[in-house]
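These are my notes from a session of looking through a structure that was new to me. I begin with one pair of strands and work outward from there.

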Amino acid sequence: MSFFGLNLMGNAIDAFQQASNTTSDNIANVNTPGASRQVVNLTEAQPIVGSPGYSTWTGPGTQGEGVLVQSITRIHQDSYDGLFRGASGSQNFFGTQEQQLVSLQATFGEPTNGVNTAFSALQTAFTQLASTPSNSQSGGVAARANVISAAQTFVAQLNSVGGAIQNAKATAIANAANVVTQANGLIDKIAALNGQIRASAAVGDNPNTYKDQRDQLIDQLAQLLSTQTAVQSNGSTLVTVGGRAVVNDTTAYHLAAPVVGTDPSGNPALVIGMVGDPNPANPVPVQVGSGQLGAYVDLYNNKLSAYGNQLDNFANATATEINRVMTSAYDQNGNAGQALLQPIVGLNAITATNIQVGITSAAQLPAALVSTAAGSLTTSMNSANNTVDTSAQIFTPPNSPLTFKYPAGGPTPAGSALTVTVNGVAQTYNYSWNAGGNATTIDQFMTGFNAAQLGVTASFDSVAQKIVFTRDPNNEGLALRGAQPGGSSPQFTIADSNPVLAAGTPQGTATTSILSLLGAGAISGVQQNSANAFGAGDNGAANAAIKVFAKNVGVPSLQYTAPAAIAAGSATVVAPAGTFAQIGVGAVLTLDGGTANQENVVVTAVNRVTGSITFTATLAHAANYTIASAQTQTLGSYYGGLVGQLGLDTANAKTGSSAQTTLAANIDKVRQGIDGINLDEETQNLVKYQNSYQAAAKTLNVLEQLLTTALGLIPGG
Amino acid sequence: MRIATSTIYAQQTAAIDNQAALYADIGAQLSSGKQLNAPSDNPGQIGQDLQLHVTIDTTTQQSTNVKNAVSELTSTDSALSSLTSVLQSARTLAVQGASDTLTPAQRTALGNQIDELLQQSIAVGNTQYAGKFIFAGTSTTANPPVVQQGNPISGVTFTGNEQVQGQLIYNNQQFALSTTFQSAFNYASSDGSPDVFQTLIRLRDTLQNDVVVDQSTAAINRAGAVVYGAASPAPTRLNAANVFATTPVPDGSGNFSLKITGSVNGVPSAQTITVAANAPVDGPGSVVAAINAVTAQTGVTAVYDPVAQKMSLNGTGSFFVQDVPSAGAATAGNLSAVLNLASTSSSSQADMVQNVSTQIANVDHILDTVLNARSVVGARIQTLSSIGDQLQTTITDNTKVESGIEDVNVAAATSKFSQTQTALQAAYATTNRLEAKTLFDYLT
């Protein structure tokens, strides 16, 4: 009899106690994020064996010495961490974007209470004004005031949404800064834990808890940005972001606070660099990938900036087109029209947040266009008791038709031309009524004249037998628009290169002037303005404004006259700062608008630093050719495209968030299936170790009784 | 498969969250009646939806404009209808006046009635619609545009203009919202024919004052040519080729002679005037000058209207003209035919009956003008009404499309709502049971 059994069972009780403790630790950490389950590895104690020459055991075989705790192992599979962190990063990327975009989408208020509703109301107001333009007419004042009111609502909506986008951009920067701070804190902690793990491992410990904590911190970091990890031989983990180390052993490398720098094309961009970058104002960007930080960077650079630019383009183009009509018209008092939509800060271009209504008085709202129909300078072109057939030949050798009061006196002299001057820009329109000419009939003349897009449209009043020239801001060629970038003028002159007949010239007098033939000789060179050609009840400008909304326009609003000629092929055009600010790669531009040399080109490169754009032209263009945005869509469809893109991005964010949440949950389920704590399992372990403990304790008790019995045999014991 | 305890909770929480979110979404759709509440609900169609909003709004305004235009044009049509009645009454009175059986007093009474009709026609000219004068053109005058001159009325002045009042533009088609004063009243007509007021004044004066007129029954020029009057530096001469509708043929002596049989102070008198074959129509040495040279003997004066291209002879009582041979000629020329004069014999003389009959033709002419204006206005009303119907159809169609995009399918949504509700309840129950079971329950 010895104390051997007692020692053996004491070791067993110890082992079962440790196993129970580990199980308790597992149960205690069942809700602890990042906690991996730990298992106790029991092993048989080394048996007692005899040594050569010194026998300590004389019985048969070896004598077992019970059980020992060999180790406490952390159950964890690193391979699932990478998968989970990738999904978790995407989940946070889309989740963050979803939150921001849903909020921004609500600010847009579409489809019922947004800019579109106000835009629609503005069109409706102009449509109403077209019906009752004059103050003398019932509803005229109200209709004019309604246009101003609708315009105010429209700009208020633009200001609001434009401001919301700017706020969203500011929020993205602020939130990104918070995320950077948070990420740097995590990076510091991971580096510290690397040190603790390394030190613990060096002395042979199993730093399970430290590893759990480190992996949990990396999980958290992965929610903020894309991380890549590699376990080093010393037990530390190398953490990189976009190929750049943020934790190497015990060294932490901090991300710099976000700054608005520029991308390689010179566009403003939100940039996350590293602390210590030699150019902190525009550091080398860290490719943060997904996660919350990636979401804010992507939101700023690829979504919010684009929305802001598009809304600014919409506001600017709308103002440009409406103002062109307004400044081409007269107000109720006969004064030249002012721009309806003006910048708040006059020196800056009109944008969604820099736009206001510039007209406050209903009487100042331009609604009338100059038309020679309203003046007395044009007269009936027919001779007495005759009617002009506008489809008939003007000049038929040898006799000119006598249906004209002033018939053609012979072939058109060489160089016959009308000079149409709008806003100081003189444009020449050559005419010839000779056989094969462009004005062999009145109809042909009017068609050709109108197609020249001179800012003045010709029509024929068959009842009054009069030619009518009307100022038409919607019929201005791009070259004319380019030559008057600051707006237009309601006045115009038409001068004939051939001598016009004096007033009172008896009918039947032959002429070589087409203006005289048309009964409009008196307007030659005479400024057409509110004094001699204006009807207060005219609704021309209101109707012209309605057309603005229906026609295709160039967005962004670009009108630039390039001073240097270019040859066919690739061309790079450098313009003064800001000229091409809103033009991006892929934009379609029209060169030499309104001429036979007109063509559309696609921008293939933009350089914000030099202010240049590059495109490939099929034709050569002479100096002072026009560059304008191609007129490919209506203002409404452009805005619809913006809202559609916002909706699509938001829907994608929602879908992505949902999908990535499910994916992350599924991966985590598998991961947790391996290293997660299961209470039922731990309960079983607890019962198992409890029973073992009880058995060992009872065995110890029996051994103790045996020993007591043996000791009782000792006399006097 | 091994499941971590935390996974069970997370899984159930996620399931309940998803079902609850879906439940709330469908509930919101059902309570708002809309499935498109934000762009992200249907990014592919939000652009179309926004365009539809604009289209419906502006089309509704266009529809309102069209209704207003129809109302305004109906007012014009009503005014023209009144004018038609005035002219028809004048015509009836003129027919009564064109009778030798009437006494001068009876004719004067008819003339007085014509004067009243004249005043009515002026009132029609000053018709207002919604505070504006419908025949004033684009003039913004606050005063009536048609103002009578003299008492009795000897003429009218018109202070408006010949512009149409605003235009309705639809699909690049322009619709004038009014007719011009010229179109309605034949005022300052391009063919020189008298307007409503001139016609009524002349008819009144004729009936009251026994004035007779013989005017060219048709313009004397040929189409494509002009017979110039005295105001022209080169008045047209009778031997001008291809100018007159009826080619002048002088008598055997190479001249034209016209015998004018009229009366002065009730005493019959006849005079013959002779002009050369190359005499001008008007001006010095002209036909007009020759006739007016003997007015004292005939009571007849001549006026050539180059605008209307018509010759007009005026007298009192009665008169007539005849082509006669000049001295030394055996045959007469055809001057009266060239001038399209009607009073060429004692049986077709320019007397009261003939004169009033001529003026009935004038009344008929302006009646045609007014009816033409009415037909134009009526056609415009009809077209605009049709456009109004089209616009209404467009609004309905677009609203239907918009509804298809925006509105929720209540039946489907209700079914889905119910389905989600059941799923949510199941998730709650499952969670409850899963979380209620643990081995710890069996520990003693």
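How many bridges join strand β3 of chain B to β4(B), and do the two run parallel or antiparallel? I looked this up in what is a predicted model, and found that four bridges join β3 (residues 146-149) to β4(B), with the two strands running antiparallel.

**Entry 1, the hairpin in chain B.** Within this pairing I noted that B:Val146 stands opposite B:Phe158 of β4(B). I then followed the side chains along β4 (residues 155-158) of chain B and saw them alternate: B:Val156 and B:Phe158 point to one face and are buried, whereas B:Gly155 and B:Thr157 point to the other face and are not. The hairpin of β3(B) and β4(B) has five residues between its strands, and there B:Gly150 takes a positive phi near 75 degrees. The loop between β3 and β4 of chain B also holds B:Pro152, and I recorded that the peptide bond leading to B:Pro152 from B:Asn151 is cis, with omega near 5 degrees.

**Entry 2, chain B as a whole.** I counted 10 helices and 12 strands in chain B. Its radius of gyration is 41 Å, whereas a compact globule of 444 residues would have one near 22 Å. Along the principal axes, the C-alpha atoms of chain B fill a box of roughly 160 × 50 × 35 Å. I also noted that 43% of the 444 residues of chain B count as buried.

**Entry 3, where the chains touch.** The contact takes 66 residues from chain A and 58 residues from chain B. On the side of chain B, the elements that give two or more residues are α1 (5-32), α2 (43-97) and β5 (167-170), and α2(B) gives the most, with 14 residues. I sorted the residues of this side of chain B into 26 nonpolar, 26 polar and six charged.

**Entry 4, a helix and a sheet in chain A.** I checked the length of helix α4 (residues 140-202) of chain A: at 1.5 Å a residue its 63 residues should span 93 Å, and its end C-alpha atoms are 92 Å apart, which agrees. After α4(A) comes A:Gly204, whose phi is positive, near 90 degrees. Elsewhere in chain A, I found an open sheet of three strands in the order β12-β11-β15, with antiparallel pairing; its edge strands are β12 (425-430) and β15 (492-496), each pairing on one side only. Strand β11 (residues 417-422) of chain A is joined to β12(A) by six bridges, and A:Val422 stands opposite A:Val425 in that neighbour.

**Entry 5, backbone exceptions in chain A.** Most residues other than glycine have a negative phi, and most peptide bonds are trans. Against that background I noted A:Asp249, whose phi is positive, near 60 degrees; A:Asp249 sits in the loop between β5 (244-248) and β6 (251-252) of chain A. What is the phi of A:Gln453? A:Gln453 is not a glycine, yet its phi is positive, at about 50 degrees. Which of the two is buried, and which is partly exposed? A:Gln453 counts as buried because 21 other C-beta atoms lie within 10 Å, while A:Asp249, with 16 C-beta neighbours inside 10 Å, counts as partly exposed. I closed with A:Pro111, in the loop between α2 (78-108) and α3 (115-131) of chain A, where the peptide bond from A:Glu110 to A:Pro111 is cis, with omega near 10 degrees.

How values were computed
Residues are numbered from 1 along each chain as its sequence is written. Chains are lettered from A and ligands numbered from 1 in the order in which they are written. This is a predicted model: local features need pLDDT of at least 70, side-chain atom pairs count only at pLDDT 80 or more; totals for chains, interfaces and linings use all residues. The radius of gyration is taken over C-alpha atoms; the globule rule is 2.2 Å times the number of residues to the power 0.38. A residue is buried if 20 or more other C-beta atoms lie within 10 Å of its own, exposed if 12 or fewer, and partly exposed in between; C-beta atoms are placed from the backbone. Two residues are in contact if their C-beta atoms, placed from the backbone, lie within 7 Å. Ala, Val, Leu, Ile, Met, Phe, Trp, Tyr, Cys and Pro count as nonpolar, Asp, Glu, Lys and Arg as charged, and the others, Gly among them, as polar. The expected span of a helix is 1.5 Å times one less than its number of residues. Two strands pair if DSSP finds at least two bridges between them.
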